[in-house]
Amino acid sequence: ARAGEAALAHLRAGRGRGRAVSVDPRFPQALLDDEAVAGARVLTSLAGRPDALVVLGSGLAEALDEAWGAPAPTVPLGDIPGVVAPVADGHGGELRAYETSGGVVLVATGRTHLYEGLGARPVTALARAAVAAGISRAVLTNANGCLKPWNLGDVMAITDHVNLSGASPFDGPLFLDVSAVWDAQMTQALRGVCQREGTYAILRGPEYQTMAETRILAGLGVDCVGMSTVMEAITLHALGVRVAGMSVVSDLSFANAPTDPTAVVEAASAARQTVVAGIEVALGA
């Protein structure tokens, strides 16, 4: 509770491009515990107080190197208190700090997933530490199974989500309005870069969905489905951070061929140029 109160005072001081931050004090008290504060110390030791967080999904670990150059400071994700090193194919294991014209951007080259069986806390640990360190904006990316007649490598700006994971970042009566998790201004900027926009659904995994499940999801209005991102987005939103998301079409869920995890990584990797451009415009919005 003490760590959460200190972080709440920091949030109330106002952050990020002159925007006022309104945060229900229950969420910092629940989420920004001693572990998150310890993680924040590791993050600020890299390059001072960060301005933004970027999380790269499958196949995107090296996406920013060509555009922003090699980062000077890095740290293994597993060395940050509470953060578990990624184990999924196509996910890197580093947190990198880039000095940009818009400030210090922390970039995770991979993430932990709910299907690893550790619960939501490790999945959201980096997001919570980054908020405690001072970020005001975040861009989250992932690879998806597409339920629309789109093309492999298309990038979808996430405009809304459906949480079908059975999990939440919170326990107890912490009721959060999630109708506006995805920041409207940042998402509008993504529309000028991404080929698509739509709704992303999270399933726990690690299995992919059946054809019957695919038809049900499409009938619900879901455009793309995956196994990540939503827990982080909800956490960041609860803590007053502006969030944008991009999802790369890496598998066509209605295709007759079975899903190939290697092909998913390769398709996501081919979309790097669009993802980089999206990160840059969203952070600048």
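This note goes through a predicted model, from the whole chain to its cavities.

1. **Confidence.** The model is predicted, so begin with how far to trust it. The average pLDDT of the chain is 89. A score of at least 70 is reached by 89% of the residues.

2. **A weak stretch.** Residues 12–20 stand out for caution. Their pLDDT stays under 50. The model still gives this stretch 20 contacts beyond four places in sequence. Where pLDDT is low, the predicted coordinates should not be read in detail. Treat those contacts with that in mind.

3. **Overall build.** The chain has 285 residues. Its secondary structure comprises 10 helices and nine strands. Buried residues make up 53% of the chain.

4. **Contacts along the sequence.** Take the contacts between residues at least 6 apart in sequence. Of these, 84% link residues at least 24 apart.

5. **Surface.** The accessible surface is about 11500 Å². Carbon and sulfur atoms account for 51% of that area.

6. **Cavities.** How many cavities of 30 Å³ or more does the structure hold? There are two. The largest has about 130 Å³ of space. The second largest has a volume of about 40 Å³.

7. **Around the largest cavity.** Its lining counts 16 residues. Closest to the centre are Arg-111, Thr-112, Val-123, Leu-126 and Glu-232. By class, the lining holds 11 nonpolar, three polar and two charged residues.

8. **Which elements build that lining?** Strand S1 (52–55), helix H5 (120–133) and helix H8 (230–238) each give at least two residues to the largest cavity. H5 contributes the most, with five residues.

9. **Around the second largest cavity.** One run of its lining is Thr-112, His-113 and Leu-114. Val-123 and Ile-202 also line this cavity. The lining further includes Met-227, Ser-228, Thr-229, Val-230, Met-231 and Glu-232. By class, the residues divide into six nonpolar, four polar and one charged. Here H8 gives the most, with three residues.

10. **Reading the two cavities together.** Look for Thr-112, Val-123 and Glu-232 in the structure. They are among the residues closest to the centre of the largest cavity. Thr-112, Val-123 and Glu-232 also line the second largest cavity. The main contributor is H5 for the largest cavity, and H8 for the second largest.

Terms used
Residues are numbered from 1 along each chain as its sequence is written. This is a predicted model: local features need pLDDT of at least 70, side-chain atom pairs count only at pLDDT 80 or more; totals for chains, interfaces and linings use all residues. Side-chain values use heavy atoms; hydrogens and water are left out. On a 1 Å grid over the protein atoms alone, a cavity is a set of points where a 1.4 Å probe fits but cannot get out, and a pocket is an open set with protein on both sides within 12 Å along at least five of seven lines; lining residues have an atom within 4 Å of a point. Grid points are joined across faces, edges and corners, and a volume is the space filled by probe spheres set on the points. Helices (H or I, at least four residues) and strands (E, at least two) are DSSP runs, numbered from the N terminus. Ala, Val, Leu, Ile, Met, Phe, Trp, Tyr, Cys and Pro count as nonpolar, Asp, Glu, Lys and Arg as charged, and the others, Gly among them, as polar. pLDDT is the predictor's confidence in each residue, from 0 to 100. Contact means heavy atoms within 4.5 Å. Buried means under 20% relative accessible area, exposed over 50%, partly exposed in between (1.4 Å probe, protein chains only). Accessible areas come from the Shrake-Rupley method with a 1.4 Å probe; for residues, only the protein chains shown count as cover.
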